[in-house]
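User: I have a model open and would like to learn how to read its features. Could you walk me through them?

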Amino acid sequence: MELTRRHFIASSAALMAASMAVGQNVPPREYRACIIGDTKQGEYGHSLHVTLALRQDIHVLAVADPDEAGRQKHMAEAKAARGYADYREMLEKEKPDIVVVAPRWTIHHREYLEACAEVGAHGFMEKPVADTLADADAMIQVIEAKNLKWALGYNFRVLPIVQHARKLVSEGLVGEVLEMRGRGKEDHRAGGEDLLVLGTHIFDLMRFFVGDAQWCFSDITVDGRPATKADVHEATEPLGPVVGDRISAMYGFKDGIKGYFASAKTKEGGGGRWGLDIYGSKGVVSIRQDVKVPIHVLFDPAWSPGGRDAQWQPLPDAPDAPAQPDPLNRYLPIMSDLLVAIEEDRIPQVSLQDGRASLEMGQAVYESFVRKAPVTFPLERRDHPLKRWV
């Protein structure tokens with residue numbers, strides 16, 4: 001994806017408000033950065049590598065990619081000076097301050113991060129964070145032991161309109177929050193894989209609005225019957241084992257708030273349901289991930305516009321910044337906050353720790369189903385529930 005001067009100026013200006021909403025201060029120094037990618041194993045996420053070029057205080061040193069053609073292509077896009085086939089060689093020679101781990105696939109995330117930690121690098125990683133809680137625990141232990149700051153690519157919560165929605169909900173926009181209902185993207189990955197890939201965004205939003213989940217109870221079916229060990233299979237991307245073409249889960253949060261997540265394979269596909277609805281005593285806030293105006297409100301305690309005069313309307317006083325940032329800079333607010341977090345010696349506002357919490361909500365769905373009982377957080381077992389089951 002080519003980053004032209006015109007595109008850079010327009011995109012950067014549009015996202016400035018979002019960046020400032022997450023990180024208010026400007027880091028006082030230039031950072032040396034490297035990028036770990038793999039064209040044939042997870043590629044470069046959602047153009048995560050070009051985010052660095054949107055910051056004038058970041059100097060991109062090099063890209064590591066074992067695929068030569070992919071390496072040359074992504075070096076040009078990231079405006080990197082050098083390329084390496086081996087990411088470990090790159091880290092040893094370049095000694096970066098910051099590393100972007102771009103592959104979507106989780107199979108090498110732990111080894112990538114541990115190698116970065118060896119050279120004392122902070123970083124930014126594509127989600128999901130890992131395929132097991134044990135790996136996520138180990139990764140967080142490493143960065144906390146060395147006081148390194150790592151951010152994760154949950155880009156929805158940093159959108160200005162989502163930040164604004166959270167403020168309004170906390171101030172009582174729809175009254176007392178009673179429950180939340182989320183769905184996955186429900187594309188060809190609907191069910192078990194959707195849970196781990198797109199569901200993590202929904203779990204992150206749930207936590208962003210009401211805090212950590214306390215327990216989970218789930219049901220998983222295949223062709224309308226309870227899933228069995230024989231139904232367990234590897235995901236289409238290397239993310240670990242998955243199961244189910246219909247997932248239903250209930251979570252308990254503080255103050256008795258319930259959260260529901262579902263993903264189902266249907267003939268019609270997802271139909272744009274990917275998102276989160278927040279139901280309050282005075283109305284509903286509806287958040288959708290893939291639409292032009294992603295948040296609407298229904299001011300009706302009955303939650304039923306058909307029987308009242310109330311109608312869906314855009315979120316009041318929503319900021320003017322674009323609701324869906326260009327892929328070139330959708331991660332800019334997270335990167336900007338990461339730099340501020342390094343200077344202020346704090347955990348980033350979209351952190352690896354947040355990634356583990358969302359992963360744990362997904363793993364709890366499998367854990368509860370295997371046990372046929374509710375499970376509480378944190379989960380006692382940190383291995384993959386499906387690997388243990390089969």
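Analyst: Happy to; we will go through strands, a cavity, cysteines and a loop residue in turn. Please keep in mind that this is a predicted model.

User: Let's begin with strands. How many residues of strand S14 (residues 275-280) are buried?

Analyst: The general idea comes first: in a regular strand the side chains alternate between the two faces of the sheet. Now to the case here. Six of the six residues of S14 are buried, and the strand is mostly covered. Gly 275, Asp 277 and Tyr 279 point one way, while Leu 276, Ile 278 and Gly 280 point the other way, and all are buried.

User: Which strands pair with S14, and in what sense?

Analyst: One partner is strand S7 (residues 177-183), which pairs with S14 in the antiparallel sense over six bridges. To find the register on that side, look at Met 180, whose bridge partner in S14 is Ile 278. Another partner is strand S15 (residues 284-288), again in the antiparallel sense, with five bridges to S14. There, Tyr 279 has Val 284 of S15 as its bridge partner. The connection from S14 to S15 is a hairpin through three residues.

User: Where does S7 lead if I follow its pairing with S13, and is that pairing parallel or antiparallel?

Analyst: S7 and S13 run parallel and are joined by five bridges. Arg 183 marks the register, as its bridge partner in S13 is Ala 262. Strand S13 (residues 258-264) is largely enclosed by the rest of the structure, because five of its seven residues are buried.

User: What pairs with S13 in the antiparallel sense?

Analyst: That is strand S12 (residues 246-252), with seven bridges to S13. Ala 262 is useful again, since Ser 248 stands opposite this residue. S12 and S13 form a hairpin with five residues between them. In its turn, Asp 255 has a positive phi of about 60 degrees.

User: On to empty space. How many cavities of 30 Å³ or more does a search of the whole structure find?

Analyst: The search finds one. The largest cavity has a volume of about 80 Å³. It is lined by 13 residues, and the closest to its centre are Pro 128, Ala 130, Leu 196, Leu 359 and Gln 363. Helix H7 (192-197), helix H8 (199-210) and helix H10 (352-371) are the elements that give two or more residues to this lining. The largest share, four residues, comes from H10.

User: What is the lining of the largest cavity like by class?

Analyst: There are seven nonpolar, five polar and one charged residues in the lining.

User: Next, cysteines. How many disulfides does the structure hold?

Analyst: In general, a disulfide is a covalent bond between the sulfur atoms of two cysteines. This structure holds zero of them.

User: Why does Cys 116 have no bond to the closest cysteine sulfur?

Analyst: The closest cysteine sulfur, in Cys 34, is 8.7 Å from the sulfur of Cys 116, which is too far for a bond. For accessibility, Cys 116 counts as buried because its relative value is 0%. Cys 216 also counts as buried, at 0% relative accessibility.

User: One last residue: where is Asp 57, and is Asp 57 buried or exposed?

Analyst: Asp 57 lies in the loop between strand S1 (31-36) and strand S2 (58-64). Its relative accessible area is 14%, so Asp 57 is buried. A side-chain polar contact of 2.7 Å joins Asp 57 and Arg 55.

Note on methods. Residues numbered from 1 in each chain as written. Predicted model: local features only at pLDDT ≥ 70, side-chain atom pairs only at ≥ 80, totals over all residues. Heavy atoms only, no water. Buried < 20%, exposed > 50% of the residue type's maximum accessible area, 1.4 Å probe, protein only. Pairing = 2+ DSSP bridges. 1 Å grid on protein atoms, 1.4 Å probe; cavity = no way out; pocket = protein on both sides within 12 Å on 5 of 7 lines; lining within 4 Å. Points joined across faces, edges and corners; volume = space filled by probe spheres on them. Nonpolar A, V, L, I, M, F, W, Y, C, P; charged D, E, K, R; others polar. Disulfide = S-S within 2.5 Å. Polar contact = N/O pair within 3.5 Å; in protein donor to acceptor, adjacent residues only side chain to side chain.
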